[in-house]
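Reader: I am new to this structure and would like to understand the words used to describe it. Could you take me through them with care?

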Amino acid sequence: GEAGQFIHAYRSMWLPEELLSIERRPQLTDAIVAGSAEWSLSLHVNKGLAGGSPQAIDLSRQTATNPAMLGAFALLICAADGSPAWPGIKGYEPDPEAGRVKSKAVGRAVAPFEAIVPHAGSYMSEADYFGVDWRQAYWGPHYARLASIKRQYDPTNLFRGHHTVEPS
C-alpha cells in the first residue's frame with residue numbers, strides 16, 4: 001500500500017504536557033473535537049518524553065530533535081494520502097486537485113492546535129513538506145549549531161535534502 005503512495009499533506013505537532021492540566025484540558029478537548037470534525041487526527045503518545053525518566057530526557061536533550069519533544073505528552077499527526085500514483089502510467093496519475101482539497105482539510109484540522117500551541121515544533125520525519133518555518137519546527141534552537149557543524153564538515157552541501165540543515 002505504501003509503494004507509490006502519494007502523500008497530499010502530512011503535519012505533526014509536539015503537544016506539551018501542560019495541555020493535560022485541569023486549566024488547559026478544555027482547550028485540548030475543544031481542539032480535538034474541532035480538528036477531528038475536519039479530518040482524522042492521531043495522537044502518538046509513544047513519541048513525546050513527558051513523564052519519561054530523567055536519564056532518557058537528559059540523553060535526548062543532547063540530540064538534534066526539537067526540544068519541544070522533551071515535554072510533549074504526544075505527537076499529533078494529521079495526514080492525507082491518495083491511491084498509489086505513477087506519473088506517466090495511464091489511470092495511475094497523481095490527482096493534484098484531490099491533493100489540494102485534502103491538504104486544505106488537514107490545515108483546517110490542525111488549526112485549532114496551532115491556536116493553543118503556537119510554534120509547537122514538529123518531528124522532522126513526519127512533517128509538512130511545504131512548511132515555511134521548517135528550521136524552527138524541526139530543530140528549534142538547535143538549528144544554528146547544526147548549521148555550524150554542516151559548514152565545518154560539508155561546506156559544499158554535498159549531502160542535502162528537502163528541508164535539511166544547510167551550511168549557509
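**Reading the terms against the values**

Author: Let us begin with I32, which is partly exposed, with a relative accessible area of 31%. The model is a predicted one, and I32 is found in helix 1, residues 25-38.

Reader: What makes I32 partly exposed rather than buried or exposed?

Author: Buried means under 20% relative accessible area and exposed means over 50%, with partly exposed in between. The value for I32 is 31%, and because that lies in between the two cut-offs, I32 is called partly exposed.

Reader: Which residues make the nonpolar surface patch, and what is its area?

Author: I32, L43 and V45 make a nonpolar surface patch of about 240 Å². A residue of a patch needs over 30% relative accessible area, and I32, with 31%, meets that condition.

Reader: Why is the pair E18 and R24 called a salt bridge?

Author: The rule asks for a side-chain nitrogen of Lys or Arg within 4 Å of a carboxyl oxygen of Asp or Glu. The closest N and O atoms of E18 and R24 are 2.6 Å apart, so the pair counts as a salt bridge. As for their surroundings, E18 counts as partly exposed at 48% relative accessibility, whereas R24, at 18%, counts as buried because buried means under 20%.

Reader: How do you know that R108 and E38 link distant parts of the chain?

Author: R108 forms a salt bridge with E38, and the closest N and O atoms are 2.8 Å apart. This pair links distant parts of the chain, since R108 is in helix 3 and E38 is in helix 1, 70 residues apart. R108 is partly exposed, with a relative accessible area of 44%, and E38 is partly exposed too, with 34%.

Reader: What can be said of K150 and D154, and are they buried or exposed?

Author: The side chains of K150 and D154 meet in a salt bridge at 2.8 Å, N to O, and both K150 and D154 are buried. Elsewhere, salt bridges that share partners join R11, E114 and D128 into one network. By the distance rule the count comes to eight salt bridges.

Reader: What is noteworthy about the phi of N157 and of H163?

Author: Most residues other than glycine have a negative phi. N157, however, has a positive phi of about 60° although it is not a glycine, and H163 likewise has a positive phi of about 60° without being a glycine. N157 is found in the segment after helix 5, which spans 143-153, and H163 is found in the segment after helix 5 as well.

Reader: Why are N157 and H163 called buried?

Author: The cut-off for buried is under 20% relative accessible area. N157 has 16% and is therefore buried, and H163 has 12%, so H163 is buried by this cut-off also.

Reader: How far apart are the C-alpha atoms of D58 and A111?

Author: The C-alpha atoms of D58 and A111 are separated by 31 Å, and the two residues are 53 residues apart along the chain. D58 lies in helix 2, residues 54-61, and with a relative accessible area of 44% D58 is partly exposed, because that value lies between the cut-offs of 20% and 50%.

Reader: What is the volume of the largest pocket, and which residues are closest to its centre?

Author: The largest pocket has a volume of about 500 Å³. It is lined by 22 residues, and those closest to its centre are I7, H8, A9, Y129 and F130. Strand 1 (6-16) and helix 3 (96-116) each supply at least two residues of the lining, and strand 1 gives the most, with six residues.

Reader: What makes up the lining of the largest pocket by class?

Author: The lining of the largest pocket has eleven nonpolar, seven polar and four charged residues.

Reader: Which residues lie nearest the centre of the second largest pocket, and where does the largest share of its lining come from?

Author: About 390 Å³ of space lies in the second largest pocket, which is lined by 20 residues, with R11, S12, E114, S122 and A137 nearest its centre. Strand 1 and helix 4 (134-139) each supply at least two residues of this lining, and helix 4 provides the largest share, four residues. By class, the lining of the second largest pocket divides into nine nonpolar, seven polar and four charged residues.

Conventions. Residues numbered from 1 in each chain as written. Predicted model: local features only at pLDDT ≥ 70, side-chain atom pairs only at ≥ 80, totals over all residues. Heavy atoms only, no water. 1 Å grid on protein atoms, 1.4 Å probe; cavity = no way out; pocket = protein on both sides within 12 Å on 5 of 7 lines; lining within 4 Å. Points joined across faces, edges and corners; volume = space filled by probe spheres on them. Nonpolar A, V, L, I, M, F, W, Y, C, P; charged D, E, K, R; others polar. Patch = residues over 30% accessible without salt bridge, like charges linked within 9 Å, V, L, I, M, F, W, Y side chains within 5 Å. Areas by Shrake-Rupley, 256 points an atom, 1.4 Å probe, with all protein chains shown as cover. Buried < 20%, exposed > 50% of the residue type's maximum accessible area, 1.4 Å probe, protein only.
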